[in-house]
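Subject: Structure for your review

Dear colleague,

Please find below the structure that I am handing over to you. I would be grateful if you could read the notes beneath it with the coordinates open.

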Amino acid sequence: MQNLSIEDFLQDGFNLKEHLSNYLKLEPQELERELSSGLNNMSSIHPGAFNSENATHFYEDQVGTSHLFDLAAWHLGSSSYIADTLRLQKMFARGKVLDFGGGIGTHALAAAALDTVERVFFVDLNPINREFVLQRASQMGISDLISVHRDLDSIDSLQFDTLICLDVLEHLPNPSKQLLIFKDLLSSGSVALLNWYFFKGNNGEYPFHFDEKEIVEEFFITLQSNFMEIFHPLLITTRAYTLINK
């Protein structure tokens, strides 16, 4: 099994560009062009009125490879921040890990390489993301430690010891409902690592985020009623939580 250290991520995102080139059969110059316009490409295919009816369709059927480039550009361009989320994951991840909305697989791959982790369950709507993560896991020699799923319904009934849900909740039309689903799936003593960005941007650059006042207020009421925050010393937006009364 390939060793996946924080330093490896900071150097090349766990060999991300090579993995993308191989998967999409792109020459380096073409790959760089796609990475440089990742967010703009995502925004350009946005369906306009973004709501609960079209959100699933957008991520599963419309974004295609644009989502790969958007996420890859973010992980490479914000590597210091992502590295801190990996440090946080290393502090808490154990047992059966659910990576919900795992994108290009950075956190799932890193978690699978930890001695404290038994298995990682990677969930993502985008079939291209899922296929890409399967290929990355194979190239890293950790395929037997990761299973890839479209949704939670495709996973046999389990209790997870660790939840990773990063840069996902703001994309959901009902993030409060998702928190309650997570609550039912988490074991006693489990830890959830969560962040969110309920903001469409100053100039609408994140049209695929939900930021309606009612949604955000209900989210925080649900979070504070069911989860207790665990202090950690890293100065990042990702927070650690344990369940209340479970």
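The notes that follow describe the sheet, the helices that lie across it, a helix packing and one histidine. Please bear in mind that this is a predicted model.

The sheet is open and mixed in its pairing, with seven strands in the order S3-S2-S1-S4-S5-S7-S6. Strand S3 (146-149) and S6 form its edges, each pairing on one side only. From one strand to the next, the twist averages 25 degrees. Within the sheet, strand S1 (residues 95-100) runs parallel to strand S2 (residues 117-123), and six bridges join the two. One point of reference is Leu98, whose bridge partner in S2 is Phe121.

Two helices may be placed relative to these strands. Helix H9 (residues 127-140) lies across S2 and S3, and runs at about 170 degrees to S3. Helix H10 (residues 175-185) lies across S1, strand S4 (160-165), strand S5 (186-194), S6 and S7, with an angle of about 140 degrees to S5.

H9 also has helical neighbours. The axes of helix H6 (66-77) and H9 come within 8 Å and cross at roughly 60 degrees; the two helices are therefore oblique to each other. In this contact, His67, Leu68 and Leu71 of H6 meet Ile128, Asn129 and Phe132 of H9. By class, the contact residues are four nonpolar, two polar and no charged.

Helix H2 (residues 16-24) has Leu16, His19, Leu20, Ser21 and Tyr23 as its buried residues. These buried residues pack against helix H1 (6-12), helix H3 (28-36), H6 and H9. After H2 comes Lys25, with a positive phi near 55 degrees.

Finally, I would draw your attention to His232. This residue is located in the loop between strand S6 (227-230) and strand S7 (239-243). Is His232 buried or exposed? Its relative accessibility is 9%, and because buried means under 20%, His232 counts as buried. The side chain of His232 reaches the backbone oxygen of Thr238 at 2.9 Å. Leaving aside residues up to four places away in sequence, His232 touches Leu88, Met91, Phe92, Thr238, Arg239 and Ala240. Thr238 is thus named twice, as the owner of that backbone oxygen and as one of the residues touched by His232.

Yours sincerely

Conventions: Residues numbered from 1 in each chain as written. Predicted model: local features only at pLDDT ≥ 70, side-chain atom pairs only at ≥ 80, totals over all residues. Heavy atoms only, no water. Helix = DSSP H or I, 4+ residues; strand = E, 2+ residues; numbered from the N terminus. Buried < 20%, exposed > 50% of the residue type's maximum accessible area, 1.4 Å probe, protein only. Polar contact = N/O pair within 3.5 Å; in protein donor to acceptor, adjacent residues only side chain to side chain. Contact = heavy atoms within 4.5 Å. Pairing = 2+ DSSP bridges. Axes fitted to C-alpha atoms, helices over the stretch in contact; angles between N-to-C directions. Parallel < 35°, antiparallel > 145°, perpendicular 65-115°, else oblique. Nonpolar A, V, L, I, M, F, W, Y, C, P; charged D, E, K, R; others polar.
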